[in-house]
Amino acid sequence: MEVNFCSSCGSAMETRDVDGTPRRACTACSFVHWGNYSIGVGALVEREGKILLVRRAQEPGKGYWTNPGGYAEQLEQINETVRREVLEETGIDAVVTGVAALRDQPRVVHNLYVAFTMAYVGGEPVPDGVEVDAAGFYGLEELETMNVAPFTRWLVDVAMKRDGSAGLAVDEAPIVPLPGYGLFRI
């Protein structure tokens, strides 16, 4: 899809060379359309050696078991997004402890997916009945007989075989106060 009007001032857009790459740029102001991107998040919530999974009730992936997740809202930190998505889809309260994995998927809408490790806080898995029709904590043996999506199988392997590594951990006390930032570090 080509961007024809500036989202900043509403003027017509043209294709222009910007640093060696053809980009859609405004004919009246300095706005440049850098591309179409989405940020997805996923939760790796572990409780008693089992991982929280949901069964998709809608496409894409209807019928597959996946980890809970969704897409970041414009004014929401992604660690808040994943906590909200887990609560909405499963009724489970969990808090982010770190970043376990990233998936970079360039396509028409370039998608970056951030998989978070999360500490279980409370609740019992109850599907929302809209996006997911089943939810629960499952062990590795149980997953062998379930219709688990391939990417989720990879994420579960990452989550369950960390060898003590926390990945990128939440930086609760950065050396400089940075309100509104979601910070993670080794």
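Buried means under 20% relative accessible area, exposed means over 50%, and partly exposed lies in between (1.4 Å probe, protein chains only). Keep those cut-offs at hand for the whole tour.

This is a predicted model, where local features need pLDDT of at least 70, side-chain atom pairs count only at pLDDT 80 or more, and totals for chains, interfaces and linings use all residues. Residues are numbered from 1 along each chain as its sequence is written, and side-chain values use heavy atoms, with hydrogens and water left out.

**Stop 1: the whole chain**

Show the cartoon. The protein has three helices and twelve strands. Both are DSSP runs numbered from the N terminus: helices are H or I with at least four residues, strands are E with at least two. The C-alpha trace spans about 60 × 45 × 25 Å along its principal axes.

Now show the surface. About 10900 Å² is exposed, and carbon and sulfur atoms supply 54% of that area. The areas come from the Shrake-Rupley method with a 1.4 Å probe; for residues, only the protein chains shown count as cover. Of the 186 residues, 35% count as buried.

Contact means heavy atoms within 4.5 Å. Take the contacts with a separation of 6 or more: 57% of them join residues 24 or more positions apart.

Colour by charge next. There are 16 positive and 26 negative charges, and their mean positions are 3 Å apart. Lys and Arg count as positive, Asp and Glu as negative; His and the chain ends are not counted. Each charge is placed at NZ of Lys, CZ of Arg, CG of Asp or CD of Glu.

**Stop 2: residues 36-161**

Select this range. UniProt, in an unreviewed entry, gives it the feature "domain: Nudix hydrolase". UniProt positions follow the numbering used here, feature names are shortened, and annotations may be inferred rather than shown by experiment. The chain here is 22% helix and 44% strand. The end C-alpha atoms of the range are 34 Å apart.

**Stop 3: the cysteines**

Select C9, C26 and C29. How many disulfides does the structure hold? Zero. A disulfide is a pair of cysteine sulfur atoms within 2.5 Å. For C9, the nearest cysteine sulfur is that of C26, 3.6 Å away. For C29, the nearest is also that of C26, at 3.7 Å.

Is C29 buried, partly exposed or exposed? C29 counts as partly exposed because its relative accessibility is 28%. C9 is partly exposed too, at 39%.

**Stop 4: unusual backbone angles**

Most residues other than glycine have a negative phi, and most peptide bonds are trans. Three places here are worth a click.

- Select D19, in the loop between β1 (13-18) and β2 (21-26). Its phi is near 55°, a positive value in a residue other than glycine. D19 has a relative accessible area of 76%, so D19 is exposed.
- Select E48, in the loop between β4 (37-47) and β5. E48 is not a glycine, yet its phi is positive, about 55°. With a relative accessible area of 76%, E48 is exposed.
- Select E59 and P60. The peptide bond from E59 to P60 is cis, with omega near 0°. P60 sits in the loop between β5 (50-56) and β6 (65-66).

**Stop 5: F116 on β9**

Select F116, in strand β9 (residues 110-122). Is F116 buried or exposed? F116 is buried because its relative accessible area is 0%. Beyond its neighbours within four places in sequence, F116 contacts residues including V41, I78, V96 and F184. Measure out to L155: the residues are 39 apart along the chain, and their C-alpha atoms are separated by 9.9 Å.

**Stop 6: A101 and T97 on β8**

Select A101, in strand β8 (residues 93-105). A101 counts as buried, at 8% relative accessibility. Which residues does A101 contact, leaving aside neighbours within four places in sequence? They are Y113, V114, A115, W154, L155 and V158. Then find G42: it is 59 residues from A101 in sequence and 9.5 Å away in space, C-alpha to C-alpha.

Move to T97, also found in strand β8. T97 is partly exposed, at 37% relative accessibility. Leaving aside neighbours within four places in sequence, its contacts are T117, M118, A119, L168, A169 and V170. Finish with R55: T97 and R55 are 42 residues apart along the chain, with 24 Å between their C-alpha atoms.
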